[in-house]
Amino acid sequence: MLIERYKLKLNRYTSLSKVGVLAFLFSLTIGLSAWTYYEDPIPTGSFQLVYPANFGNRINVPADNPTTKQGVYLGRLLFYETALSAGNKLSCSSCHRQEKAFTDGKALSEGVDHVLSTRNSMSLANLLWTRKFFWDGRAASLEEQAATPLSNPHEMGQSLTISAQKLSRIQSYPALFKLVYGDTLINGDRIVKAIAQFERTLISANSRYDQYLRNAYQPNELEQKGMALFNQFPQPEKGIRGANCAHCHGGAKTYMELFHNNGLDSIPKDEGIETLTGLPADRGRFKVPTLRNIALTAPYMHDGRFKTMEEVIDHYSDHIKQSASLSSFLQGESNEIGGTSLKLLPEEKKELIAFLNMLTDSTFISNPAFSNPRLRIASNK
Amino acid sequence: MKKISLITALAFLSLLPLLTIAQSQQAAVKITGEVATPLTINNEDLQKFNQTTVVRKDRDGKDHTYSGVPVADLLQKAGVTMGPELKGENLTKYLLVDASDGYQVTFALAELDKSYTDRVIILANQVDGKPLLPADGPFRIIVQDEKKPARCIKQVVSFKIAFAK
């Protein structure tokens, strides 16, 4: 990796003699084998966030926390840093694992005190465009969001002040904070800012669906039919069949930042946004989550109640629960005249699942830039 | 005797949380941004404005009569640059409408102003003489004669006026 980077740089200096380049590369390779991660040259300068044009430019980067290469580098270390938890047991990555599109595969997650979280861990992808975070949208920025798991006693359970003190005592951090913020001060604000910078780089834009949208992939018949159902709303009087998923989960990002009650319960145990607003119309209302990498992020829903995508489709097809706050997009939405659920046929369910599988971005979950940086030191040695 | 008063006291106490919630449950529309006076308008406040009706077809294909207040009147009350002041750089201002489900739409101020158009855009709170259904209301924008219903945004919670940048 690193050598590649130097090769690229060196290629620009065409005046250097070939022998010179080779000699330089040779000594570099020798030198590298003795290096540890922290002694690697740390890239600096503004970080270029690269994404497809159809994602749009309505991105969310606060003016007081521009994304820099050194900030992302520090943020990545902190995302995987167990010293940020009481007892050094957990890091963000404990509940947000790259191979599962940054979820943890559990219905509810265990914190440092072994108490379970009240809601399902969320996948972290394309947060650059998100403006309301958590299942109930209660945090307005990634910076504000990160402070919650860090200090919540049932998650990482350690105040930001103690985290800052612990980091100050770990060799390499003061110098890194200096590189990012201009001086060696370590505090809660700087910790969450760096983590947020790293999270903004978690861009997923190379699923087969993305490839299809840029004319680089031809979906098979099953996928094509699934895509059509996903986008079409049912009109049984006209004989048009559909599943209308795109009304809430549509667009190139399969995320539209909406909040709805999708009919899981008539009387929800977790009242969702109503807990914040006190409004009955918000009862059982939660974020419509991204469907990107959905095949990797089971179990599903805010409480992880469904283990498979089949169970999710069965819910929309056959088990929508009526209530006053049920989303108007799901009321009387059916392929049968007068039906209260979609009533999909068995083959239509398979087609929808084939489409949902198109949303898996395998380059995202294997991108080395998002992985645990400390594992890279181990493999370098 | 004592027992009875204890029971009534307990019954009252157990109702208390319900009562306090009921008070904080009033839905309202907040008007902020490029305004002289930020406003919060609830159903009662809305009654104090001149009422207008707009007839629009719904998804059922039938005409429905929506009643409410022209959005322009609400903005005027908040001191937005409407009417004679809507010229020059003020023409680059827009209204961003937010719904409680996160949905958002915009209108250029000139689309709302009677000196520019006869088309009326209202903040409705009733349909066919009845309050809007919870999934649609209590406040909904109704755009007269617009072909697509997508800007007839439901469950409106806020208006924000801003300059296009």
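Q: If contact means heavy atoms within 4.5 Å, which residues is A:A246 in contact with, leaving aside its neighbours within four places in sequence?
A: In this predicted model, the partners of A:A246 beyond that window are A:F230, A:N231 and A:M256. Each of them therefore has a heavy atom within 4.5 Å of A:A246.

Q: Why does A:A246 count as buried?
A: The cut-off for buried is under 20% relative accessible area. A:A246 comes out at 15%, so the label applies. This residue belongs to helix 11 (residues 246-249) of chain A. As for distance along the chain, A:N262 is 16 residues away from A:A246, with 13 Å between the two C-alpha atoms.

Q: What makes residues 246-249 of chain A a helix?
A: A helix here is a DSSP run of H or I with at least four residues. Residues 246-249 are listed as helix 11 of chain A, so this run satisfies that rule.

Q: How do you know whether A:Q145 is buried or exposed?
A: Buried needs a value under 20%, and exposed one over 50%. With 15% relative accessibility, A:Q145 falls on the buried side. The residue sits in helix 5 (residues 142-151) of chain A. Not counting residues up to four places away in sequence, A:Q145 touches A:F133, A:F134 and A:A139.

Q: What makes helix 3 of chain A parallel or perpendicular to helix 8 of chain A?
A: Helix 3 (residues 69-79) and helix 8 (residues 188-200) of chain A pack at an angle of about 100°, and their axes are 7 Å apart. Since angles of 65 to 115 degrees count as roughly perpendicular, helix 3 of chain A is roughly perpendicular to helix 8 of chain A. On the helix 3 side the contact is made by A:G71, A:V72, A:L74, A:G75, A:R76, A:L78 and A:F79, and on the helix 8 side by A:I191, A:A194, A:I195, A:Q197 and A:F198.

Q: How do the residues of that contact divide into nonpolar, polar and charged?
A: The split is eight nonpolar, three polar and one charged. Arg is in the charged class, so A:R76 is charged. Gly counts as polar, so A:G71 and A:G75 go into the polar group.

Q: What makes a set of residues a nonpolar core, and which residues have the most contacts inside the largest one?
A: Such a core is a set of buried nonpolar residues, Leu, Ile and Phe among them, joined through side-chain atoms within 4.5 Å. The largest has 40 residues, and B:L75, B:L123, B:I141 and B:F159 have the most contacts inside it. Strand 7 (residues 121-127) of chain B gives the most to this core, with five residues. Beyond four places in sequence, the contacts of B:L123 include B:V29, B:L46, B:V69, B:I141 and B:F159. A second, separate core has 39 residues, including A:Y73, A:F134, A:A146 and A:A164.

Q: How many helices and strands does each chain have?
A: Chain A has 16 helices and two strands, whereas chain B has four helices and 10 strands. From the N terminus on, the order in chain B is α-β-β-α-β-β-α-β-β-α-β-β-β-β.

Q: What percentage of each chain counts as buried?
A: Buried residues are 50% of the 381 in chain A and 39% of the 165 in chain B.

Q: Why is a stretch of chain A called "Cytochrome c"?
A: That name comes from an unreviewed UniProt entry, whose domain annotation covers residues 221-360 of chain A. Annotations may be inferred rather than shown by experiment. In the model, this stretch is 29% helix and 3% strand, with its end C-alpha atoms 18 Å apart.

Terms used:
Residues are numbered from 1 along each chain as its sequence is written. Chains are lettered from A and ligands numbered from 1 in the order in which they are written. This is a predicted model: local features need pLDDT of at least 70, side-chain atom pairs count only at pLDDT 80 or more; totals for chains, interfaces and linings use all residues. Side-chain values use heavy atoms; hydrogens and water are left out. Axes are lines fitted to C-alpha atoms, for helices over the stretch in contact, and angles run from 0 to 180 degrees between N-to-C directions. Angles under 35 degrees count as roughly parallel, over 145 as roughly antiparallel, 65 to 115 as roughly perpendicular and the rest as oblique. Buried means under 20% relative accessible area, exposed over 50%, partly exposed in between (1.4 Å probe, protein chains only).
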